[in-house]
Amino acid sequence: MPAQVITGCTVLAVSIGGLPAHCPPSGHVEAEGTFYRFSASSLAVGDRVPVGQWGLPVNNRMSEAFEQWNDCDGYAHSVFASLEPLVSARKVLHWAKKRSICKLELVPGMGRVHESPSDVGPEHYDWYPDPLDRVPTAVVVEARP
Amino acid sequence: MSLIPPAELPYGPLVVEEVYFQHDGPRFFAVRSERWGMRLLALCVDEDELDQSVTYIYLALSQARFHQVRSGGISLRQAFDLAESGDIWQVTADYLAEPPLNRVEQLSAVPAEWLPDADAFLDLPTVTAPDFRPEELGQEARESQRSLMAVELDPAEANTTELRLRVLGRVANSLQDTLDAMAQEEQGERTVSGAIKAEITSEVQMSVYGLRAASFVLLLGIDREGKLFERADLVSGTLGRLVTLVESASSADTLLPQLRGYGPRVRGRFRQLLQNAVEAGSGLAVHAAPLTTEQRAATLNREQVRSALTTIADVSPEVRDMLLPRVALTALNTHRHTFEVWDSVQGARYSGVLSPEAREQVNGSRVGTTSFYSVKIEVQTDFASTEGAPIEKYRLLEINALDG
């Protein structure tokens, strides 16, 4: 077990040094820039995304990576380089229609990003926060439709 | 324990094949049944943090229907509308259960709010035919003892190996016309108009024998009906000419000298081929594998095809005067200012428009085959006229009655 993560809403105390071997995958770069992701349905435009919503997949019981300590996917948040893929996802997924969209600014020192495009678009990145419990300032820019 | 893809569905082992949207895990994706080859589209519709559950709908699709959905031929909503009984499943991943498990329920209809919007499409290039492998063309030619060629089109907007029949027909016609015209030049028997000798066209007549991806590769072979052997020298020379000409079309500096080596017939047919490729929104690639010479290929992207077409269209027509010492005036229309003369010695007929000077001169001229005239005609030869347009246009400049 390379990392000891305490599950829960806010208590995470692992440094990026605790990632599994070869994680992040090769090609990762300094996290820097504006990114977007889905956030809770109850949030309104201008609201800050609460700390409790930044649990990593490895700590999220509803994730395929839950307690998969050697699975690199468990240590990253999905973020998008533009709003467009999230808006498009709302046209397809009821799950996405029920969510707000937040914007976050990543600056050097906040971890690494690795481009991990889906089969339809290049905009998806995995953000590996450093330390793993790093909570960015994220503000809702689009409320649930 | 992984709940994606669900092992509980009755399609045998499933594997996630493509992910179209991921957000801390796959949310919209396709899975393939390893046993049946069919696919299921999976859409995440709900996530309940209190129940610790995530709900997906899975839609079973035949391979053909999946290709249609994936390429954007039908919308995601249509895919659900067209589903047959038993094709839709609600799968709720229950993560509170110990161990976590999928609760599976067959749906007769999807709740309306779960359906994708009516204008939501996938739009991905989708392989629906075997891949074209250029390196195999030569080997196939040798094995079949037949010259082969492949024509590759990449029409814009095409996500599958499909091409409208009308578009294909135009491209195929102009390709065969180009080969016919080149074959007679290869034979040293250039003509400007009229039918090309059947003994020439029959040697380079192509037949379609296959289709490959991507996006659309037409496999052609020399038609062998009625002949034991092909005229390898003529075929090889003709196919080689086509590849060289396509190759030269990547630049005006090389295209025009090449075209000037040909008569107007080849120039016109080649222009038509490029025109048809442009109308198909496509580039053009030709691969030739003659029996007796090395395989060759030439490729033009869409921009190069358009540019070559413009280069050809911009060349001014050639203009010359022709004196005919004794012709009969066989038709005259003073309203439309048109004429026709017949040169019985050369067996040639010329028709066209009257110049302003000739309009005055033709007043009182007798139409028929008993009065004779000497005429001066301006001949305008288009550098490369497209299909249906005359290669030569005539304008009567002068007409003088011959005594007696």
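These are my notebook entries on two chains, A and B, of a predicted model.

**Entry 1. Chain A as a whole**

I began with the secondary structure of chain A, which comes to two helices and seven strands. Along the sequence I read the pattern β-β-β-α-α-β-β-β-β. I then looked up burial, and 41% of the 145 residues of chain A count as buried. For the contacts in chain A between residues at least 6 apart in sequence, I noted that 72% join residues at least 24 apart.

**Entry 2. Where chain B touches chain A**

I next asked how many residues of chain B are in contact with chain A. The count is 28 residues of chain B against 19 residues of chain A. On the chain B side, strands E1 (14-22), E2 (26-33) and E3 (39-48) each supply at least two residues. I sorted this side of chain B by class and recorded 16 nonpolar, five polar and seven charged residues.

**Entry 3. Strand E4 of chain B and its neighbours**

From E3(B) I moved to E4(B), since nine bridges join these two strands, which run antiparallel. One of the bridge pairs I looked up places B:Glu47 opposite B:Val54 in E4(B). The two strands form a hairpin with four residues between them. In that turn, B:Gln52 has a positive phi of about 55 degrees.

E4(B) also pairs with strand E5 (residues 88-94) of chain B, again in the antiparallel sense, over seven bridges. Here I noted B:Trp89 in E5(B) as the bridge partner of B:Tyr58.

Is E4(B), residues 53-61, mostly covered or mostly open? I found it mostly covered, with nine of its nine residues buried. In a regular strand the side chains alternate between the two faces of the sheet, and I therefore checked each face in turn. On one side B:Ser53, B:Thr55, B:Ile57, B:Leu59 and B:Leu61 are buried. On the other side B:Val54, B:Tyr56, B:Tyr58 and B:Ala60 are buried as well.

**Entry 4. B:Gln78**

I looked up B:Gln78, which is found in helix H2 (residues 76-81) of chain B. It has 16 other C-beta atoms within 10 Å, and a residue needs 20 or more to be buried and 12 or fewer to be exposed, so B:Gln78 is partly exposed. Its C-alpha lies 9.8 Å from that of B:Leu115, although the two residues are 37 apart in sequence.

**Entry 5. The five-stranded sheet of chain B**

I traced an open sheet of five strands in the order E8-E9-E7-E10-E11, with antiparallel pairing. Its edge strands are E8 (206-212) and E11 (296-300), each of which pairs on one side only. The twist from one strand to the next averages 15 degrees.

Within this sheet I examined two pairings. E8(B) and E9(B) run antiparallel and are joined by six bridges; B:Ser207 has B:Gly221 in E9(B) as its bridge partner. These two strands form a hairpin with three residues between them. E7 (residues 148-153) and E10 (residues 284-289) of chain B pair antiparallel over five bridges, and B:Leu148 is matched with B:Ala289 in E10(B).

**Entry 6. Helix H6 of chain B**

Which strands does H6(B) lie across? I recorded E7, E9 (216-222), E10 and E11 of chain B, with the helix running at about 150 degrees to E10(B).

H6 (residues 232-248) also meets helix H4 (residues 165-186) of chain B: their axes come within 9 Å and cross at roughly 120 degrees. This angle lies over 115 but not over 145 degrees, so I classed H4(B) and H6(B) as oblique to each other. The crossing is right-handed. From H4(B) I listed B:Thr178, B:Leu179, B:Met182, B:Ala183 and B:Glu186, and from H6(B) B:Leu234, B:Gly237, B:Thr238, B:Arg241 and B:Leu242. The residues of this contact divide into five nonpolar, three polar and two charged.

**Entry 7. Helices H8 and H9 of chain B**

My last item was the packing of H8 (residues 264-279) with H9 (residues 302-313) of chain B, at an angle of about 140 degrees and with axes 9 Å apart. That angle makes H8(B) oblique to H9(B). I noted a left-handed crossing for H8(B) and H9(B). H8(B) contributes B:Arg271, B:Leu274, B:Gln275, B:Ala277 and B:Val278, and H9(B) contributes B:Val305, B:Arg306, B:Ala308, B:Leu309 and B:Ile312. By class, I recorded seven nonpolar, one polar and two charged residues in the contact of H8(B) with H9(B).

Notes. Residues are numbered from 1 along each chain as its sequence is written. Chains are lettered from A and ligands numbered from 1 in the order in which they are written. This is a predicted model: local features need pLDDT of at least 70, side-chain atom pairs count only at pLDDT 80 or more; totals for chains, interfaces and linings use all residues. Axes are lines fitted to C-alpha atoms, for helices over the stretch in contact, and angles run from 0 to 180 degrees between N-to-C directions. Angles under 35 degrees count as roughly parallel, over 145 as roughly antiparallel, 65 to 115 as roughly perpendicular and the rest as oblique. A crossing is left-handed if the near helix is turned anticlockwise from the far one by less than a right angle, and right-handed if clockwise. Two residues are in contact if their C-beta atoms, placed from the backbone, lie within 7 Å. Ala, Val, Leu, Ile, Met, Phe, Trp, Tyr, Cys and Pro count as nonpolar, Asp, Glu, Lys and Arg as charged, and the others, Gly among them, as polar. Two strands pair if DSSP finds at least two bridges between them.
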